[in-house]
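Q: I am new to this structure and would like a close look at a single part of it, the sheet and the pieces of chain around it. Could you start at the surface and then take me inward, step by step?

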Amino acid sequence: MARIDRKQDGSERGRTGGGYERLLGNEELGLLISKVQSAVNSSGTELERLIRCKVQAIDSLDEFIKSDIMPDGIFLANKPQIKKSDSLQFSGSEPDFIIFRRRNNQQRCHIVELKDGDNFDTKKAEAERRSMHQFIGANGANLPYIISSHFCCFNQNSREAIVAGFKNKITIEEAMTGREFCDLLEIDYDLIVEARKADQDFNLTYFVNELVKIPVVYERFLQEQENTQQC
């Protein structure tokens, strides 16, 4: 997972003020919780990076699309590559990945929206599916393959739970578990899960250490300990 202390660019996470400070009544505690939230939000980007490192990337998406027959194998175009494409149109927002797969003389194109979480408000769920199908509708003629759409919740093992998380705005066929996503890419799901656990111990230690540095938290902790001993 992403580390709490710093972003990928090396800058500090979090910000003072805001809702967490108002909720907890303490600026330092609000900043720490803001850092945690920032790290959670960055975890999706970190997951995408791990995926990209394990799958053969496409050098030029436009050149790849021009080929009627793709090489045997699995090829991945990520969001920045899709954005730079002159061959594709965007009536909504672009998907996270386009995966091209050729096996047994059959070539397919999988349009994938990848999520680290699996619960969305109704408006967001509707917008996600609408954007996906607008993209396919606008670009189907430019992608000479069998096309399918997928909404992958990487940490979910149940398609039914994914559909429920999307407020039933997607079909069971469109739902994709993290393991199914990795099977599609022919990479090891369990290895990625383990790799993402690498920073868990650091994050826990960092969070606890930073928490007890905050005077009001430390004082409250000592007070609760004293109350417990008196019972």
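**From the surface to the sheet**

A: Happy to. In this predicted model, L204, V208, V212, Y218, F221 and L222 make a nonpolar surface patch of about 540 Å². Two helices, α9 (200-213) and α10 (215-230), each give two or more residues to this patch. One of the patch residues, F221, is found in helix α10. F221 has 44% relative accessibility, so it counts as partly exposed.

Now let us turn to the strands, beginning with β1. Strand β1 covers residues 73-78, and 6 of its 6 residues are buried. In a regular strand, side chains alternate between the two faces of the sheet. You can follow the two directions here: G73, F75 and A77 point one way from β1, while I74, L76 and N78 point the other way. Residues on both sides of β1 are buried, as all six of these are.

The partner of β1 to look at is β2. These two strands pair in the antiparallel sense over 6 bridges. A handy place to find the pairing is F75, which stands opposite F100 in β2.

Strand β2 (residues 97-103) also pairs with β3, again in the antiparallel sense, here over 7 bridges. To see this pairing, look for I98, which stands opposite I111 in β3. The two strands form a hairpin with 2 residues between them. Most residues other than glycine have a negative phi. In the turn of the hairpin, however, N104 has a positive phi of about 55°. N105 also has a positive phi, of about 65°, although it is not a glycine. N105 sits in the loop between β2 and β3. With a relative accessible area of 67%, above the 50% cut-off, N105 is exposed.

Follow the chain onward and you enter β3 itself. Strand β3 (residues 106-115) is largely enclosed by the rest of the structure, because 8 of its 10 residues are buried. Besides its pairing with β2, β3 pairs with strand β4 (residues 146-153) in the parallel sense, over 8 bridges. H110 of this pair of strands stands opposite S148 in β4. To get from β3 to β4, the chain crosses through helix α5 (residues 122-139), and this β-α-β crossover is right-handed.

With the strands in place, we can look at the charged side chains in and around them. Side chains of opposite charge can pair when their charged atoms come close. The structure holds 18 salt bridges. One of them joins D96 and K79, with their closest N and O atoms 3.5 Å apart. This pair links distant parts of the chain: D96 is in the loop between α4 (79-84) and β2, K79 is in helix α4, and they are 17 residues apart. D96 counts as buried because its relative accessibility is 6%, whereas K79 is partly exposed, with a relative accessible area of 22%.

In the stretch that includes the end of β3, the side chains of E113 and K115 meet in a salt bridge of 3.5 Å, N to O. Both E113 and K115 are buried. Past β3, the side chains of D116 and R196 meet in a salt bridge of 2.9 Å, N to O. They too link distant parts of the chain, with D116 in the loop between β3 and α5, R196 in helix α8 (residues 189-196), and their positions 80 residues apart in sequence. D116 counts as partly exposed at 23% relative accessibility, while R196 counts as buried at 3%. There is also a network of salt bridges, which links D72, R101, R103 and E186.

One last stop shows how a helix meets the strands. R52 has its place in helix α2 (residues 27-54). Leaving aside neighbours within four places in sequence, R52 is in contact with L76, N78 and F97. You met L76 and N78 above, pointing to one side of β1. R52 and F97 are 45 residues apart in sequence, and their C-alpha atoms are 9.6 Å apart in space. R52 has a relative accessible area of 33%, so it is partly exposed.

Terms used:
Residues are numbered from 1 along each chain as its sequence is written. This is a predicted model: local features need pLDDT of at least 70, side-chain atom pairs count only at pLDDT 80 or more; totals for chains, interfaces and linings use all residues. Side-chain values use heavy atoms; hydrogens and water are left out. Patches are made of residues with over 30% relative accessible area and no salt bridge: like charges are joined within 9 Å, nonpolar side chains (Val, Leu, Ile, Met, Phe, Trp, Tyr) within 5 Å. Accessible areas come from the Shrake-Rupley method with a 1.4 Å probe; for residues, only the protein chains shown count as cover. A salt bridge is a side-chain nitrogen of Lys or Arg within 4 Å of a carboxyl oxygen of Asp or Glu. Helices (H or I, at least four residues) and strands (E, at least two) are DSSP runs, numbered from the N terminus. Buried means under 20% relative accessible area, exposed over 50%, partly exposed in between (1.4 Å probe, protein chains only). Contact means heavy atoms within 4.5 Å. Two strands pair if DSSP finds at least two bridges between them. A crossover is right-handed if, with the strands pointing away from the viewer, the path from the first strand over the helix to the second runs clockwise.
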